[in-house]
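Trainee: I am new to this structure and would like a close look at a single part of it, with its surroundings added afterwards. Could you take me through one helix slowly?

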2 protein chains.
Amino acid sequence: MSVYEERRKKLYDWMALEGIAMVMFEDFEGRRDPAVRWMTGQPSDALLFLGVCGKSLLVPWDANMAAIYAQTEFVIPYSNFDRNSITALWGAAALFKVPLGARVEIPPVTSYTGFLKYIEEAGDYDILCRNNGAHDEAEGLRAVKDETEQEIYRKAAAITNEIIELLEDNITAGKLPTEIDVVFFIEAECRKRGCEGTGFETLAAGAARSFGIHTFPAYTAEPFAEPGLSILDFGCKYRGYTTDVTLTFARSPLSTAQEKMLTLTEKAYAKALSLVKDGVNAREVGMAVDALFGKARKAMPHALGHGIGLEAHESPSLRSRPDNTWQLRPGMLFTLEPGLYDPVHGGCRLENDILLTKSGPEVLTNARIIRF
Amino acid sequence: MSVYEERRKKLYDWMALEGIAMVMFEDFEGRRDPAVRWMTGQPSDALLFLGVCGKSLLVPWDANMAAIYAQTEFVIPYSNFDRNSITALWGAAALFKVPLGARVEIPPVTSYTGFLKYIEEAGDYDILCRNNGAHDEAEGLRAVKDETEQEIYRKAAAITNEIIELLEDNITAGKLPTEIDVVFFIEAECRKRGCEGTGFETLAAGAARSFGIHTFPAYTAEPFAEPGLSILDFGCKYRGYTTDVTLTFARSPLSTAQEKMLTLTEKAYAKALSLVKDGVNAREVGMAVDALFGKARKAMPHALGHGIGLEAHESPSLRSRPDNTWQLRPGMLFTLEPGLYDPVHGGCRLENDILLTKSGPEVLTNARIIRF
């Protein structure tokens with residue numbers, strides 16, 4: 001059984017238990033859902049139908065790409081359905097012999113106006129559009145990485161770590177003087193090593209701009225790693241999966257306030273790492289870090305971490321907000337990324353990618369605060 | 001009156017006519033709506049509330065960024081509303097003194113499950129979630145560029161044209177041998193000239209990969225502009241607005257089939273350009289090009305063109321599908337981009353940005369098929 005079949009099998013089992021005849025997943029511009037790639041190998045732009053009969057149909061926008069990547073029992077180009085998702089739904093239902101009146105689930109992000117159309121044009125089925133349904137189930141399954149994914153991540157992390165070493169050498173030697181130099185260097189080194197590219201727009205904020213969580217623009221022709229605190233946030237995307245790390249370059253002379261920010265951030269990171277283990281509530285780890293910063297009369301304006309995978313941000317969340325109910329389990333892969341930002345002194349963040357195993361956290365990446 | 005006030009004024013007038021007390025626009029990850037930037041200057045991540053009283057409230061995620069960019073009567077950080085859009089809606093309604101029972105419009109992309117929450121928690125207002133409402137009105141207004149936007153575009157096009165000249169010189173001289181070299185060159189030249197960056201991921205497909213409409217990955221370390229047909233599709237983003245051009249590099253020796261594809265594409269482009277004028281149905285231009293290709297027993301697998309602006313793809317559409325009801329009007333800015341793709345011979349596409357004026361089309365960019 002291929003890894004894609006194994007993943008779909010988990011959904012079929014869930015569908016049988018829940019009495020769902022068919023599920024539609026949608027991965028198009030404006031409504032991305034990497035569950036499609038996760039269950040088929042198709043990189044993007046397709047509908048995926050799962051029938052409780054245990055068969056799958058991919059409806060790709062680009063049939064040539066599907067011929068290379070997609071691994072499903074059936075593939076029918078979207079143009080055969082006039083690029084209309086409801087027409088495709090009828091086609092899939094016919095293929096899987098779904099009886100009228102059966103429960104058919106569509107994505108919970110379907111717009112209200114779109115939902116009304118499904119009811120009007122496919123109301124012979126019992127159309128479900130809901131939270132905590134098949135799509136959330138798939139998201140939960142994706143939060144625990146299987147062996148294939150863990151192998152991909154070891155490779156992606158190894159590439160990331162090679163690049164971190166090169167960055168330290170080149171930046172401290174003054175060979176990548178501007179933000180743009182640093183960003184292009186990372187992009188080229190990723191692709192040279194077989195990556196699809198970087199996993200998201202690299203953020204390179206020299207000391208003059210590092211006070212912002214989200215610097216805008218993401219990088220400029222201004223200096224990087226001048227005296228003070230510079231932040232570099234990037235990921236390497238390998239076979240669809242991205243790493244996500246942040247380095248801080250702390251170049252002397254530093255003020256006492258800057259030194260204190262760095263030490264606190266390293267302490268917060270160590271604290272978080274000491275707390276992540278099987279069965280722990282993710283929220284509690286976030287709260288412990290908030291408390292540590294609070295004691296020093298500082299506050300972190302973002303979440304402590306997030307799952308990574310086919311998306312740069314996915315489940316589980318490690319935020320401290322009351323609505324965070326994630327429990328950490330072996331196979332989960334997530335970032336820990338404490339940071340502090342000050343309009344005068346600049347910002348610092350330390351972010352690594354953690355694989356939780358039965359025996360504890362394994363830190364896959366080698367990001368750090370680099371003092372020089 | 002600032003240009004942002006002028007734009008909002010058009011919406012206020014429409015709201016008064018339609019009896020709408022308040023409209024909410026939303027621009028967040030997964031639900032981008034550049035109408036917010038268009039009416040306020042805020043680059044991203046905010047809610048915008050317009051009251052029929054003629055006042056506007058921006059609710060930004062990043063208050064520091066709003067302090068630099070946003071031009072609205074009121075700004076209240078999203079965190080003041082617990083980052084909850086319904087809480088923000090209540091706050092805006094209080095600020096604008098919207099009476100209970102009044103009509104309040106939310107984005108038509110709001111999910112069905114999200115809509116049910118609005119009804120539950122803000123049902124004291126008459127919540128509208130519909131197509132052909134305020135959001136489509138804003139989209140229609142954005143399709144006709146005002147003078148400020150036309151000025152920005154002349155600058156963006158001038159930068160694009162400078163880069164096209166440099167590309168021709170460097171690529172035909174063998175100085176940018178791989179896809180990656182070409183892509184980085186464009187990105188750096190854009191940013192050097194004051195652009196925010198490229199407007200979308202540059203597509204660089206050497207002759208071995210140009211058969212795909214969407215090459216994947218977008219660029220690699222493989223050769224570019226080796227003998228045969230190579231496609232280069234990019235845009236320069238200046239003050240939020242992106243150009244969108246495609247060059248084909250046709251390097252000899254070429255087969256007869258390749259020569260024919262090039263000539264046909266140039267003919268299709270000239271045909272399209274001769275047809276665009278005030279009052280023409282956009283669909284008819286698309287159909288004329290489909291017919292031209294059809295006569296030669298070829299088919300173009302994508303639309304003839306699309307509007308450009310704060311988004312790389314916006315209104316009007318120039319596709320030939322029956323549901324395309326756009327009529328071309330002065331001030332509209334769109335691409336014309338005929339292309340042909342063949343699994344054996346590769347692909348070619350020619351794409352330029354056209355501003356429609358009262359006296360006819362003005363071709364702003366200088367993209368072309370470069371034979372060498």
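Mentor: Let us begin on the outer side of helix 1 of chain A, where the face turned away from the buried side carries the exposed residues E6(A), D13(A) and L17(A). Please keep in mind throughout that this is a predicted model.

On the buried side of helix 1 of chain A we find R7(A), R8(A), L11(A) and M15(A). Seen down the axis of the helix, the buried residues of helix 1 of chain A fall within an arc of 95°, so they line one face. As for what covers these buried residues, the list includes strand 1 (22–27), strand 2 (46–51) and strand 3 (55–60) of chain A, together with helix 2 (35–40) and helix 6 (134–143) of chain A.

The length of the helix can be checked as well: helix 1 of chain A has 16 residues, 3–18, which at 1.5 Å a residue should span 22 Å, and the end C-alpha atoms are 23 Å apart, which agrees. After helix 1 of chain A comes G19(A), whose phi is positive, near 70°.

From this helix we can step back to the two chains. Chain A can be laid on chain B with an RMSD of 0.1 Å, by a turn of 179° and a shift of 0.1 Å along the axis, and that is the relation of a two-fold axis. The same surface serves both copies, since 100% of the contact residues of chain A recur in chain B. The contact takes 27 residues from chain A and 28 residues from chain B. On the side of chain A that touches chain B, helix 3 (63–69), helix 5 (112–122) and helix 8 (179–192) of chain A each supply at least two residues, and the largest share, five residues, comes from helix 8 of chain A.

For a last view, turn to chain B, where an open sheet of three strands has the order 7-10-11 with antiparallel pairing. Its edge strands are strand 7 (197–198) and strand 11 (241–242) of chain B, each of which pairs on one side only. Strand 10 (residues 236–238) of chain B is joined to strand 11 of chain B by two bridges, and these strands run antiparallel, with K237(B) standing opposite T242(B) in strand 11 of chain B. Across strand 10 and strand 11 of chain B lies helix 7 (residues 147–172) of chain B, which runs at about 145° to strand 10 of chain B.

Terms used
Residues numbered from 1 in each chain as written. Chains lettered and ligands numbered in written order. Predicted model: local features only at pLDDT ≥ 70, side-chain atom pairs only at ≥ 80, totals over all residues. Least-squares fit on C-alpha atoms with pLDDT ≥ 70 in both. Contact = placed C-beta atoms within 7 Å. Helix = DSSP H or I, 4+ residues; strand = E, 2+ residues; numbered from the N terminus. Expected span 1.5 Å × (residues − 1). Buried ≥ 20, exposed ≤ 12 C-beta atoms within 10 Å, placed from the backbone. Arc of directions from axis to C-beta. Pairing = 2+ DSSP bridges. Axes fitted to C-alpha atoms, helices over the stretch in contact; angles between N-to-C directions.
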